[in-house]
Amino acid sequence: MNFENVLQSIIGALKIEIGEDLSSIQGFIDSQGKLLAKQAAWIATSRANGSLKEDDELYEFFIDTLESNAEGFVRAVAMHSIITIEKAWNAVANVLWGAIRTTLTSAGVPGDLLPETPPLSA
C-alpha cells in the first residue's frame with residue numbers, strides 16, 4: 001500500500017465530501033452575520049441617540065430579540081459543523097479502511113477477517 005496514494009485519496013475524498021459544505025455555510029455565515037451586525041448597530045445607535053434612548057422596555061425587547069437571533073445563528077452553524085465533521089470522518093475512514101481491505105484482500109486474507117470501517121466516535 002502506497003501511503004502517498006492513500007494521502008491523496010484522503011484529500012480528494014475530503015474535498016468532495018466537505019468542499020461544497022464549506023462554501024454553502026460560508027454564504028450563510030456572511031448573510032446572517034451581516035444581518036446580526038446591522039441589527040446590533042441599529043440597537044446601539046437607537047439606544048445612544050435615537051428612538052430607544054428613553055425606552056428601556058423596547059430596548060430590552062430588541063436586545064432579547066438579538067440574543068435569540070444570534071443563538072439561532074450559532075446553533076445552525078454548529079449543526080452544520082457536526083454534519084461536516086461526520087462527512088469528513090466517513091470520507092477519511094472509508095479511504096483508510098478501504099486501502100487496508102484492498103491490500104489484505106489482494107494478499108489472500110479471507111473476507112470475514114477484514115476490518116470493518118469504525119463508526120464516528122462521539
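# Side-chain partners in a two-helix picture

Asp56 counts as partly exposed, because its relative accessibility is 48% (buried means under 20% relative accessible area, exposed over 50%, and partly exposed in between, with a 1.4 Å probe and protein chains only). This is a predicted model, in which local features need pLDDT of at least 70 and side-chain atom pairs count only at pLDDT 80 or more, while totals for chains, interfaces and linings use all residues. Residues are numbered from 1 along each chain as its sequence is written, and side-chain values use heavy atoms, with hydrogens and water left out.

**Charged partners**

- Let us begin with charge: side chains of opposite charge can pair when their charged atoms come close.
- The structure has two salt bridges (a side-chain nitrogen of Lys or Arg within 4 Å of a carboxyl oxygen of Asp or Glu).
- One of them joins the side chains of Asp56 and Arg47, with 2.7 Å from N to O.
- Arg47 has a relative accessibility of 25%, so this residue counts as partly exposed.
- The other salt bridge links Glu71 with Arg75, where the closest N and O atoms are 2.9 Å apart.
- Both Glu71 and Arg75 belong to helix α2 (residues 56-106), and they are four residues apart, about one turn of the helix.
- Helices here are DSSP runs (H or I, at least four residues), numbered from the N terminus.
- How exposed are these two partners? Glu71 is partly exposed at 39% relative accessibility, whereas Arg75 is exposed at 53%.

**Aromatic rings**

- A pair of aromatic rings is described by the distance of the centres and the angle of the planes.
- There are four aromatic pairs (rings of Phe, Tyr and Trp, its six-membered ring, with centres within 6.5 Å; planes under 30 degrees apart are stacked, over 60 edge-to-face and the rest tilted).
- Among them, Phe61 and Phe62 make an edge-to-face pair, because their planes stand at 70 degrees, with the ring centres 5.3 Å apart.
- Phe61 is partly exposed with a relative accessible area of 48%, and Phe62 is partly exposed with 22%.
- Trp89 and Trp97 have ring centres 6.3 Å apart and planes at 55 degrees, so this pair is tilted.
- Trp89 is partly exposed at 25% relative accessibility, and Trp97 is partly exposed with a relative accessible area of 23%.
- Phe61 and Phe62 also join Trp42 in one aromatic cluster.
- Arg47 appears again here: its charged end sits over the ring of Tyr59, 4.1 Å from the ring centre (CZ of Arg or NZ of Lys must be within 6 Å of the centre and within 35 degrees of the ring normal).

**The nonpolar core**

- Which residues form the largest nonpolar core? The five residues are Leu36, Ile43, Leu66, Phe73 and Val77.
- Such a core is a set of buried Ala, Val, Leu, Ile, Met, Phe, Trp, Tyr and Cys residues joined through side-chain atoms within 4.5 Å.
- Helices α1 (3-49) and α2 each supply at least two residues of the core in question, and α2 gives the most, with three residues.
- Neighbours within four places in sequence aside, Leu66 is in contact (heavy atoms within 4.5 Å) with Leu36, Gln39, Ala40 and Ile43.

**Far along the chain**

- Lys15 has its place in helix α1, and this residue is exposed at 61% relative accessibility.
- Lys15 and Ala91 are 76 residues apart along the chain, with 9.3 Å between their C-alpha atoms.
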